[in-house]
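Got your viewer open and a fresh session ready? Load the model below, and we'll go from stop to stop together.

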Amino acid sequence: MQFRKAVEGKVAHQKKAATIAFFILLVCWTPALIAGFPGYFTYDSGLGWLEQWGQYSTGNLNAHHPVLHTLFVGSLISVGQVLFDSFNAGVLLAVFVQALLVSFLLSFSLYQLLNLGMGKKGLVASTVYLALNPIIQLFAFCTTKDVLFSAFVVVYVVLLFRLVHEKDKSNTARVILLSVLLFLICVLRSNAIVAFLLALPIQLLLLKGFGKSLAVSAVAALLACGLFLGPISSAIGVKSSPIGLWNALCIPEQQLARTAFSPSVDSADKDEIFSMFPGLEYKDNLSDIARNTMMNSGTSKGEMMKEWIRLGVK
């Protein structure tokens, strides 16, 4: 009885600490919102709402940007417009709801780490870092899809670590939560599914004894992704993207482009790349340039991947 009370008291203390961290993050992030009031409605989200795509406002949804994120941002902005007759109010509502979600996800991760034995010093250091890091502060109020994607990845990794650390292979609730997180991760970035499939064999190899749990969560998440990106998206009128799989392969594309402009690479290999992709350009902070050149070169995705593998092995 005393042991049970002690455990319950410890859990209550951990929840209280995580709740305090939740509010500390929001308070410390607020100056970034004030500096960029009513929020940072930037690049991909802007394209999804304004001239080039105009997806949500016109109802012409397409899969170039993650549909779930387009619906999330667009619906919140619409609610803000209806309630306050202001587009800026809509943006403020969208970034505020997102900041609440991100703060909750990060404080939930801290709670999980406390369950794993993280001490007071670790909690304080982690909270200070998350609260005062200017990049995190800014992106908490930025409507790009990468924000929620990154927060879900953090929770997924922490829960995966806890599953292995506690050696609880029968924790059904945690496996379900991992499946939900993996689904959200995969539908918030077009290249997340590719990255996960490449990483899955490594996970299964390193996390021996948990293959069944990982396989179940992976299969469930991928089936849900297939349903959402397939029949469900079709049912709500989502059109396919002209870029499609080229977008999902942006990392191999960028790596090939970097290789073509690297001084340490053999000239024969460079010539091979340029013969496949005439006019190829490289910019280290923007993969769209290399992707567009490759997509319009006449070289197939399969040929591009074969060249990527050949150079990678070499």
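Before you select anything, one definition will help: a residue counts as buried under 20% relative accessible area, as exposed over 50%, and as partly exposed in between. Also keep in mind that this is a predicted model.

**The whole chain**

Start with a cartoon of everything. You should find 16 helices and 0 strands in the protein chain. Its C-alpha atoms fill a box of roughly 75 × 55 × 40 Å along the principal axes. Of the 314 residues in the chain, 43% are buried.

**The cysteines**

Now select Cys28. Is Cys28 buried or exposed, or something in between? Its relative accessibility is 23%, so Cys28 counts as partly exposed. Cys250, at 10%, counts as buried.

Looking for disulfides? The count comes to 0. Cys28 is in none, and the nearest cysteine sulfur, in Cys142, is 20 Å away. For Cys250, the closest cysteine sulfur belongs to Cys186, and at 14 Å that is too far for a bond; a disulfide would need the two sulfurs within 2.5 Å.

**Two backbone oddities**

Next, show the backbone around Phe37 and Pro38. A cis peptide bond joins these two residues, with omega at about 10°. Pro38 is in the loop between α1 (2-35) and α2 (43-49).

Then jump to Asp85, in the loop between α4 (67-84) and α5 (87-115). What is unusual about the phi of Asp85? It is positive, at about 55°, although Asp85 is not a glycine. With a relative accessible area of 72%, Asp85 is exposed.

**A nonpolar patch**

Switch on the surface and select Tyr43, Ile135, Leu138 and Phe139. Together they make a nonpolar surface patch of about 370 Å². Which helix gives the largest share of the patch? That would be helix α7 (residues 134-140), with 3 residues. Click on Leu138, which sits in helix α7: its relative accessible area is 34%, so Leu138 is partly exposed.

**Rings, and a charge over one of them**

Turn the surface off and show side chains. Arg189 lies over the face of Phe149, at 5.9 Å from the ring centre.

The structure also holds 6 aromatic pairs. A pair of aromatic rings is described by the distance of the centres and the angle of the planes. Select Phe261 and Phe274 to try this out. Their ring centres are 5.5 Å apart and their planes stand at 85°, so this pair is edge-to-face. Phe261 is in the loop between α13 (250-260) and α14 (267-276), while Phe274 is in helix α14 itself, so the pair ties together parts 13 residues apart in sequence. Phe261 is partly exposed, at 40% relative accessible area, and Phe274 is partly exposed too, at 30%.

Now add Tyr282 to the selection. How are the rings of Phe261 and Tyr282 arranged? Their centres are 6.4 Å apart and their planes are at 25°, so the pair is stacked. Tyr282 lies in the loop between α14 and α15 (288-295), so its pairing with Phe261 ties together parts 21 residues apart in sequence. At 29% relative accessibility, Tyr282 counts as partly exposed.

Keep all of these rings on screen for the last view: ring pairs link Phe261, Phe274 and Tyr282 into a cluster.

Definitions and conventions: Residues numbered from 1 in each chain as written. Predicted model: local features only at pLDDT ≥ 70, side-chain atom pairs only at ≥ 80, totals over all residues. Heavy atoms only, no water. Phe/Tyr/Trp six-rings, centres within 6.5 Å; stacked < 30°, edge-to-face > 60°. Helix = DSSP H or I, 4+ residues; strand = E, 2+ residues; numbered from the N terminus. Buried < 20%, exposed > 50% of the residue type's maximum accessible area, 1.4 Å probe, protein only. Lys NZ or Arg CZ within 6 Å of the ring centre and 35° of its normal. Patch = residues over 30% accessible without salt bridge, like charges linked within 9 Å, V, L, I, M, F, W, Y side chains within 5 Å. Areas by Shrake-Rupley, 256 points an atom, 1.4 Å probe, with all protein chains shown as cover. Salt bridge = Lys/Arg side-chain N within 4 Å of Asp/Glu carboxyl O.
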